[in-house]
Amino acid sequence: AAPERLWRAGWTDAVPADSIRLHYIGHSTFLMQTPGGLAVATDYTGHLGSAGPVPDVVTMNHAHSSHWTPSPDPRIPHVLPGWGEYGVGVEHWLDLGEMLIRNVPTDIRSGYGGGEPNGNSIFVFEAAGLCIAHLGHLHHEPTDRQYAALGRIDVLMVPVDGGMTLDLPSMMRVVGRLRSSVVIPMHWFSEATLGRFLSGMSDEFLIDASHGPEVTLSLHGLPSRPTILVLHPEPLR
């Protein structure tokens, strides 16, 4: 059965107390909104659609050009790149009161056997009692140390393309190990690609494909059994 307290919403509606609203813009970009009005965009490319707020925070990754922008809107107060000095990475710990944003650095591989240590980040957002993680353009399974740094993840946004990021069997192992209450697939380029991920995870997770681009989540409304929640991307209008 579908979770009992997942609400349909519109991005202009007020967010209920003790909740987080997620709108899947497309690719790996989500808009998160809090009851107090914070707006946070993940893997921000510079565009959320023909409408929408100027985000208070954007996160970015640079393993691929479709996950960041070199020219973010100067009105955005907090721009958090998932990379820093080559090989060193970056550390973010941004406490905005309603939301704490932190990152766990990961490595980038290249097509020629090389790569960039600590060149990307998994971003973690703690708000409304929920711990939400966005795996970004993940290229390898996390180490035990990285899993420990992530901690308990209630809501997981996971790329399921099966090649440009992590291969599908490896990504499914990551999802299985984290065993989040809600898993939201992203970075899928066809229904067939998405279907392979859903089929591979259906023994461990319930599948809920009853939503459009948005969902509002609360700690008390999390499903009793781990659930893959399919959101269908739509830019803000």
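1. Strand 9, residues 130-134, is mostly covered in this predicted model. Five of its five residues are buried. The burial applies to both faces: Leu130, Ile132 and His134 lie on one side, Cys131 and Ala133 on the other. In a regular strand, side chains alternate between the two faces of the sheet.

2. On one edge, strand 9 pairs with strand 8 (residues 115-127) in the antiparallel sense, over five bridges. Within strand 8, Val124 stands opposite Ala133 of strand 9. The hairpin of these two strands has two residues between them, and Ala128 takes a positive phi there, near 55°.

3. Strand 9 also runs parallel to strand 10 (residues 155-159), and three bridges join the two. Here His134 stands opposite Met157. From strand 9 the chain passes through helix 1 (residues 144-150) before it reaches strand 10, a β-α-β crossover that is right-handed.

4. The loop between strand 9 and helix 1 holds His140. Is His140 buried or exposed? Its relative accessible area is 17%, and because the cut-off for buried is under 20%, His140 counts as buried. A polar atom of the His140 side chain lies 2.9 Å from the backbone nitrogen of Asp107. Neighbours within four places in sequence aside, His140 is in contact with Thr106, Asp107, Gln146 and Leu166.

5. Helix 2 (residues 168-178) gives the most to the largest nonpolar core, with six residues. The buried residues in helix 2 are Leu168, Ser170, Met171, Met172, Val174, Val175 and Leu178. What covers them includes helix 1 and strand 10, along with strand 11 (182-186) and helix 3 (191-201). Arg179 follows helix 2 and has a positive phi, near 45°.

6. The largest nonpolar core has 56 residues. Which members touch the most others? They are Leu22, Ile101, Leu156, Val158 and Phe197. For Leu22, residues up to four places away in sequence not counted, the list of residues touched is Leu31, Met32, Val155, Met157, Ile184, Pro213, Glu214, Val215, Leu217 and Leu231. Another core lies apart from the largest one and has twelve residues, among them Leu31, Ala39, Leu48 and Val58.

7. Leu48 sits in the loop between strand 3 (39-41) and strand 4 (57-60). With a relative accessible area of 7%, Leu48 falls under the 20% limit and is therefore buried. Which residues is Leu48 in contact with, leaving aside neighbours within four places in sequence? They are Ile25, Thr29, Leu31, Ala41, Pro53, Pro55, Pro235 and Leu236. The C-alpha atoms of Leu48 and Glu234 are separated by 9.2 Å, although these residues are 186 apart along the chain.

8. For the protein as a whole, the secondary structure comes to three helices and 14 strands. The radius of gyration is 16 Å, close to the 18 Å that the globule rule gives for 237 residues, so the protein is as compact as a globular protein of that length. Along the principal axes, the C-alpha atoms fill a box of roughly 45 × 45 × 30 Å. Buried residues account for 53% of the 237. Of the contacts between residues at least 6 apart in sequence, 56% join residues at least 24 apart.

Definitions and conventions: Residues numbered from 1 in each chain as written. Predicted model: local features only at pLDDT ≥ 70, side-chain atom pairs only at ≥ 80, totals over all residues. Heavy atoms only, no water. Core = buried A, V, L, I, M, F, W, Y, C linked by side-chain atoms within 4.5 Å. Buried < 20%, exposed > 50% of the residue type's maximum accessible area, 1.4 Å probe, protein only. Helix = DSSP H or I, 4+ residues; strand = E, 2+ residues; numbered from the N terminus. Contact = heavy atoms within 4.5 Å. Pairing = 2+ DSSP bridges. Right-handed = clockwise from strand over helix to strand, strands pointing away. Polar contact = N/O pair within 3.5 Å; in protein donor to acceptor, adjacent residues only side chain to side chain. Rg over C-alpha atoms; globule rule 2.2 N^0.38 Å.
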